[in-house]
Amino acid sequence: MAGWHPDHRVRWPVIHQRWRDLTFLHWRYPPQTLQAQLPPGLQVDTFDGSAWVGITPFSLTSRALPVVPTPHFSADEVNVRTYVRRTDGTDGLWFFSLDFNRTAVVVAARVTLGLPYRRASISVQRDGSRVRYLARRAGRQGPHLRLDLDVVDDLIRDHVSELEVFLVGRWQLFTRMFATLLTVPVEHQPWPLQDARVADLSEDLLVAAGLTPPDGAPHVLFSPGVDARVGAPRPDAMTSSPAARSRYR
């Protein structure tokens, strides 16, 4: 469940990752706007009557299958996400898109997990308190993100609001392969968060995801990063049985 600390252990991770220089941009949306884009078995999760959609750019280093010697690699990602729950109340992330700058990862994630990865050119640059994110999805006139962010200071916040716990304290993601909903558990330490402000922002990733342009300025948070353990995907018991698949068609 959403919370400041993980609600489970990932004892046998299939991927170790370090997420670095990560920014959370969030906007309010009407819940009904998002519900039509979700698969059967998931409902929009809301806070204060609103659904929330986030754009999250960051850098990462990753190593798959830690029991086998495999090389580390570095990459950059921009994802568009919202927050959902199953009918039993279990909550997590739903991704509208994940732009990534490594083709092999994009293909593997789409084939094995059904995640909406897209090939993109992405750069993340930090110069003191200024962080610049540039991303352009592959293809003619592909959607883009340009964000200049100023981190207010080097102090890690010693408090978070209920809304911020709702937005960042998520410990699994949902994806769909054919008629089966999958859950992927994630574990990491609580986010070290810093205040930040947007100096410049241009994007059309939200419109590319089928959403209306956001209204107003985003809620902004920055994190220097966390170490994450990602578990193996598992079929969701509520939608994986033949009877459930028939019901959700």
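Arg 18 is a good place to start in this predicted model: with a relative accessible area of 27%, Arg 18 counts as partly exposed, because that class runs between under 20% for buried and over 50% for exposed. Its partner is Asp 227, and the two form a salt bridge whose closest N and O atoms are 3.6 Å apart. Asp 227 lies in strand 12 (residues 219–230) and Arg 18 in strand 1, so this pair ties together parts of the chain that are 209 residues apart in sequence. Asp 227 is partly exposed as well, with a relative accessible area of 43%.

Stay with charged side chains for a moment. Side chains of opposite charge can pair when their charged atoms come close. Here the count comes to 17 salt bridges, and a second one worth finding on your screen joins Asp 21 and Arg 126, with 3.5 Å from N to O. Asp 21 sits in strand 1 and Arg 126 in strand 6, 105 residues apart, and the pair links these distant parts of the chain. Asp 21 is buried, at a relative accessible area of 16%, whereas Arg 126 is partly exposed at 35%.

A third salt bridge brings together the side chains of Asp 45 and Arg 85, at 3.0 Å from N to O. This pair also links distant parts of the chain: Asp 45 is in the loop between strand 2 (42–44) and strand 3 (51–64), Arg 85 is in strand 4 (residues 73–86), and 40 residues separate them. Asp 45 is buried, with a relative accessible area of 6%, while Arg 85 is partly exposed, with 23%. The pair belongs to a network of salt bridges that links Asp 45, Arg 85, Asp 91 and Arg 170. Follow the network to Arg 170 and you will find a ring too: Arg 170 lies over the face of Phe 166, 4.4 Å from the ring centre.

That brings us to the aromatic side chains. There are 6 aromatic pairs in the count. Take Trp 19 and Trp 191: their ring centres are 6.0 Å apart and their planes meet at 20 degrees, so the pair is stacked. Trp 19 lies in strand 1 (residues 15–29) and Trp 191 in the loop between strand 10 and strand 11 (196–203), so the contact ties together parts that are 172 residues apart in sequence. Both rings belong to buried residues: Trp 19 has a relative accessible area of 13%, and Trp 191 has 7%.

Trp 191 has another aromatic partner in Phe 24. Those two rings are arranged edge-to-face, 5.2 Å centre to centre with 90 degrees between the planes. Once more the pair links distant parts of the chain, with Phe 24 in strand 1 and Trp 191 in the loop between strand 10 and strand 11, 167 residues apart. Phe 24 is buried, with a relative accessible area of 1%. Put together, ring pairs link Trp 19, Phe 24, Phe 58 and Trp 191 into a cluster.

Now turn to helix 2 (residues 103–113), where Val 106, Ala 109 and Leu 113 are buried. Why do these residues line one face of the helix? Looking down the axis of helix 2, you see its buried residues fall within an arc of 90 degrees, so they share that face. What covers them includes strand 5 (91–100), strand 6 (117–127), strand 9 (172–177) and strand 10 (180–188). The face turned away from the buried side carries the exposed residues Ala 104, Val 111 and Thr 112. Just after helix 2 comes Gly 114, which takes a positive phi of about 70 degrees.

Two of the covering strands are themselves paired. Strand 5 and strand 6 run in the parallel sense over 3 bridges, and Leu 98 stands opposite Tyr 117 in strand 6. Strand 6 also pairs with strand 7 (residues 130–137), in the antiparallel sense over 8 bridges; there Ala 120 stands opposite Arg 137 in strand 7. Strand 6 and strand 7 form a hairpin with 2 residues between them, and Gly 128 in the turn has a positive phi of about 65 degrees. When you look along these strands, bear in mind that in a regular strand the side chains alternate between the two faces of the sheet. Strand 6 also brings us back to the salt bridges, through Arg 126 and its link to Asp 21 in strand 1.

Definitions and conventions. Residues numbered from 1 in each chain as written. Predicted model: local features only at pLDDT ≥ 70, side-chain atom pairs only at ≥ 80, totals over all residues. Heavy atoms only, no water. Buried < 20%, exposed > 50% of the residue type's maximum accessible area, 1.4 Å probe, protein only. Helix = DSSP H or I, 4+ residues; strand = E, 2+ residues; numbered from the N terminus. Arc of directions from axis to C-beta. Contact = heavy atoms within 4.5 Å. Phe/Tyr/Trp six-rings, centres within 6.5 Å; stacked < 30°, edge-to-face > 60°. Lys NZ or Arg CZ within 6 Å of the ring centre and 35° of its normal. Pairing = 2+ DSSP bridges. Salt bridge = Lys/Arg side-chain N within 4 Å of Asp/Glu carboxyl O.
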